[in-house]
Amino acid sequence: MTQLTGGGQTGGGQTGGGRAGGGQTGRVRTERVEIEGVAFLVTLTPGSRVGLLALHAANEGGTAELAESLAARCGATSLVFGQPGARRPVHIPSPRMAVDHCALLRDFLRHVSVTVSLHGHLRAAAPRTVFLGGGNRSAARLLAFALRALRPEFETVTDLAEIPRGLRGLHARNPVNLTRGGGVQVELPLLARTRRPDRRAGAPDTPPEAVADALAEGVRLLSRRV
């Protein structure tokens, strides 16, 4: 089931970084799509050839907010999968999210050269560790360079051998690996993706400003390489 609806907004502008590949902002588009019986609202904000992806926005607080904020700040493209109104959001593994019937995902994959896929982890042994997986290891190292600004509060790990198997993001069908240049799967601990100053039901997650700043610098560095 796929229903396309046109949004009336314009993609976010650029501040302080190059817009890669001649990409231009355009109208925000939304699509209602069903994956394995779960209803999603997918939102695409067009921008540059660097793409921000939040596949599990309903389950992993702060990832949608980061994707949208970084896209606006850096002129990047963003694609967010939400489950608005769901009392118990369903987590579908990333490789199974790569469905052919999602038109906006197809458009995202055609347009974007390198993807930064934002996820959240709850590993008790690593409450302040950011894991950088995904198939594009040079992009992961470049992003890690920008994330050095988060030390000593957060540690960044790029060595795949040190990343838990379930967080490596190496599956061939994982959307982070389906763009031309592949991408980086960014696994953020809870402390690095939400401060949640407002505890009211439905209140948005608020990512720490330092994390958003460091990721924005990483996206700008990637923009200069694609």
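I count two residues as in contact when they have heavy atoms within 4.5 Å of each other. With that settled, I opened the model, which is a predicted one.

**Entry 1: where H1 meets H5**

I began with a pair of helices. Which residues of H1 meet H5? I found Leu66, Leu70, Arg73 and Cys74 on the H1 side. Facing them in H5 are Ala212, Asp213, Leu215, Ala216, Val219 and Arg220. The spacing made me recall a rule of thumb: an α-helix has 3.6 residues a turn, so residues three or four places apart point the same way.

Next I looked up the geometry. The two axes, H1 and H5, come within 10 Å and cross at roughly 55 degrees. Angles from 65 to 115 degrees would count as roughly perpendicular and those under 35 as roughly parallel; H1 and H5 are therefore oblique to each other. I also noted the handedness: H1 passes H5 in a right-handed crossing.

**Entry 2: the whole chain**

I stepped back to get my bearings. The chain holds five helices and nine strands, and along the sequence they run β-β-β-β-α-β-α-α-β-β-α-β-β-α. There are 226 residues, and 53% of them count as buried. I also checked how far the contacts reach: of those between residues at least 6 apart in sequence, 75% join residues at least 24 apart. The accessible surface is about 10400 Å², with 49% of it belonging to carbon and sulfur atoms.

**Entry 3: the cores**

Nonpolar side chains tend to be buried together in soluble globular proteins, and I wanted to see where that happens here. The largest nonpolar core has 37 residues, and those touching the most other members are Leu52, Leu118, Leu132, Val186, Leu188 and Leu215. Elements that each supply at least two residues of this core include strand E4 (50-54), helix H1 (63-74) and helix H5 (209-223). Which element gives the largest share? H5 does, with eight residues.

I then found a second, separate core of 19 residues; Leu53, Phe81, Ile92 and Val99 are among them.

**Entry 4: Leu132 and H4**

I followed Leu132 a little further. Setting aside neighbours within four places in sequence, its contacts include Arg137, Ala140, Leu143, Ala144 and Leu147. Those five sent me to H4, where each of them is listed as buried.

Is H4 enclosed or open? Eight of its eleven residues are buried, so H4 is largely enclosed by the rest of the structure. Besides the five above, the buried ones are Ala139, Leu142 and Ala146. I closed the page by noting what the buried residues of H4 pack against: E6, E7, strand E8 (155-157), E9 and H5.

Definitions and conventions. Residues numbered from 1 in each chain as written. Predicted model: local features only at pLDDT ≥ 70, side-chain atom pairs only at ≥ 80, totals over all residues. Heavy atoms only, no water. Helix = DSSP H or I, 4+ residues; strand = E, 2+ residues; numbered from the N terminus. Buried < 20%, exposed > 50% of the residue type's maximum accessible area, 1.4 Å probe, protein only. Areas by Shrake-Rupley, 256 points an atom, 1.4 Å probe, with all protein chains shown as cover. Core = buried A, V, L, I, M, F, W, Y, C linked by side-chain atoms within 4.5 Å. Axes fitted to C-alpha atoms, helices over the stretch in contact; angles between N-to-C directions. Parallel < 35°, antiparallel > 145°, perpendicular 65-115°, else oblique. Left-handed = near helix turned anticlockwise from the far one by under 90°.
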